[in-house]
Amino acid sequence: MDRRAYQTEALREFTQSKLRLWALLWERQAGKSTTFADFALYEMLKFKNRTVIYGSASLLLGQEITLKASIRANMTAQELVEADARLLQGFAANAQENVGEKFNFQVADMEQDKILPKLSAADFTKLFSEQKLEFRVYHSKTSYSRCKVIAPNLATARSWSGTVLLDEIAFIRNLRELITALLPIISTNKNYKLVLSTTPPEFDDTHYSFELLAPSAGAQFTPNPSGNWYQSESNIRVHRADAFDTNLGGKKIYDLETGAEITPAQAFEKAPNKDGHKIAHFLAWMIGGAAACDMLRLKTAQERGLQSTGWRDGAPGAADGASAAARVARALPGPQCQNFQIDTDLDFVSALGWMASRIDPKAPVGIGFDVATTTKGKSNPSVVSVVEEHGPEWLVRARFIWKTKDPDVANARLDGIIAAVAGRGQRARALAQDATNEKYYAEDNRKRLRSKLPVILVVASESVDRPGLDKPTNYKEWLGDALVEKLNDNNLTLPGDAYTRQDYRLVMKDRGKFVCEPNENGMHGDTFDGDKLAGYALGGGRGRTIVPDQKVLTNQILVDGAGNPVDKDPRGIYLDATPGWARNVKGGSL
């Protein structure tokens, strides 16, 4: 069988590499489907009684992705199915010659468990479109390996077993959930593989394929008939073959008017949809979609949060003339921002100690509390964000995430966070708590905590009408815009973990409104909401008047772990084993 150089390179990787998760990023009509068929045939020949799952996106009939895929290919949905069926029928026609005399290749109806020796083109298409198509390689009269050609359906994925080949993943709407379901299956056998193939998604940087396979910003590739390899931002090995690579590898391009052979550059000049051509043939990852938070700006904000500084350089507590304690805090290892998922009291005490050792002793601090709710039957977590203000910048120093049905536990943890911030020698400017759904709980907290700090209750649906606003809006949109503005202006520093990135990216902008659908884990943009509330507590609502900072007045003396007096050192707090409380060595609560 004649293969182009980039197809040979991909087959070499599949047959010789020990890597079990990688991807093909090839231009459209470059032979991804036939190359996947080669992978399947190799698996069936090498392993007796092996099952290979070929997930074809064109079989997701009746779904939005079928329409998108057909538009890109300039075909109807039915024509797209027929085109894929013809490719696989061509593969089947030559398969016996490729397997040799030792093996017997057959086409079967998997539903009826019946071999079909002779099929017309229409019969083959029908078998394919009804997801009954199965290729078999018989190692003996009673033993065979098989390749099932089906839709990449999350509902059935957990029952799959064997090597999985997923085609055109940019058109699979629930790709993240599908990959999550497949990885445990692949991990059960060291010989199982998961190979993905696609072209980039159409102007949709919110699709999981963007996060999974996009190269680093500014990456350059030299045309190569064998294609180019790179490591994606998510550490996935990707084989890339764009129009320049495939053309060098032998793929021809013909002018639509004259039929003359043309170059990739000439094809681009003649293309009516230049951006679409860049995506489909030059493999451009183009920013777009409805995500409220730009992925590249989010990446920058998180990279800054991973820097290993305690208190921010230039902050009052980090100046050259600062105390020895301040200089020690600056030098603490690890990231300067952290996202903590709290499952136990010990988790909380540890997280509180981390924050107390790193929080800037003089920076204004706002605390945001997004209270747990249930959305579409999925329980969302509570989030408390502690945000410092450094000039125009908001730095999310620590974020505490938990799920609990016990308000006493939530209150104890909230009290501990407020006390740890106050342990610097000055309290937070304010606590902003979401009161949209839990109004009575929020009002109880306002009364309970008002002696410790100002408590602002925020109802997302309430209207906001401030000077300078083009039109009246509500708190949900107003505070969301303020946070996104900080991100876009490069004035937001965030924890660098995957949870933050995924949760922020769930937040969408639809016709000027912030919307968010919960994912399978109950994540619902709650970190975004906690951070925007903390920003509001700092006075970040554009025009809101804030109560000035006040020092915490107590009759206690802060001491370090050895019992020595200290002055305004956040590490001069002893964290008692009692959950949710920050205490000094003398035993008085702060």
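D113 is found in the loop between β3 (104-109) and β4, where helices (H or I, at least four residues) and strands (E, at least two) are DSSP runs, numbered from the N terminus. The model is a predicted one, in which local features need pLDDT of at least 70 and side-chain atom pairs count only at pLDDT 80 or more, whereas totals for chains, interfaces and linings use all residues. Residues are numbered from 1 along each chain as its sequence is written, and side-chain values use heavy atoms, with hydrogens and water left out.

Although D113 is not a glycine, its phi is positive, at about 55 degrees. With a relative accessibility of 52%, D113 counts as exposed, the term being reserved for values over 50%, while buried means under 20% and partly exposed is in between (1.4 Å probe, protein chains only). A second non-glycine residue with a positive phi is N490, at about 65 degrees, and its place is in the loop between α17 (475-488) and β21 (492-493). N490 is partly exposed, because its relative accessible area is 43%.

From these two loops one may turn to the protein as a whole. Its secondary structure comes to 19 helices and 23 strands, and of its 590 residues 53% count as buried. Among the contacts in the protein with a separation of 6 or more, 66% are accounted for by residues 24 or more positions apart, a contact meaning heavy atoms within 4.5 Å.

The strand β4, which follows the loop of D113, belongs to an open sheet of 10 strands in the order β4-β3-β5-β6-β2-β7-β8-β1-β10-β9, with mixed pairing. Because β4 (114-115) and β9 (228-231) stand at the edges with a single partner strand each, one side of each is left without a neighbour in the sheet. Two strands are taken to pair if DSSP finds at least two bridges between them. In general, strands of a sheet pair through backbone hydrogen bonds, either parallel or antiparallel. Within this sheet, strand β2 (residues 51-55) and strand β6 (residues 144-150) run parallel and are joined by 5 bridges, and V52 stands opposite C147 in β6.

The packing of two helices can be followed in a similar way. Two packed helices are described by the angle between their axes and the distance between the axes. For helix α1 (residues 5-16) and helix α2 (residues 32-46), the axes come within 10 Å and cross at roughly 30 degrees, the axes being lines fitted to C-alpha atoms, for helices over the stretch in contact, with angles that run from 0 to 180 degrees between N-to-C directions. That angle makes α1 roughly parallel to α2, since angles under 35 degrees count as roughly parallel, over 145 as roughly antiparallel, 65 to 115 as roughly perpendicular and the rest as oblique. The crossing of α1 and α2 is right-handed, which means that the near helix is turned clockwise from the far one by less than a right angle. On the side of α1 the contact is made by Q7, A10, L11, F14 and T15, and on the side of α2 by T34, T35, D38, F39, Y42 and E43. These residues divide into 5 nonpolar, 4 polar and 2 charged, where Ala, Val, Leu, Ile, Met, Phe, Trp, Tyr, Cys and Pro count as nonpolar, Asp, Glu, Lys and Arg as charged, and the others, Gly among them, as polar.

Further along the chain, strand β17 (residues 430-434) is mostly covered, with 5 of its 5 residues buried. In a regular strand the side chains alternate between the two faces of the sheet. In β17, A430, A432 and D434 point one way and L431 and Q433 the other way, and all are buried. Strand β12 (residues 365-370) runs parallel to β17 and is joined to it by 4 bridges, with L431 as the bridge partner of I367. Strand β18 (residues 455-458) also runs parallel to β17, again through 4 bridges, and here Q433 stands opposite L457.

A435 is found in the loop between β17 and α16 (439-449), and it counts as buried because its relative accessible area is 4%. A435 and V459 are 24 residues apart in sequence, yet 5.1 Å apart in space, C-alpha to C-alpha. Leaving aside its neighbours within four places in sequence, A435 is in contact with A442, L457, V458 and V459.
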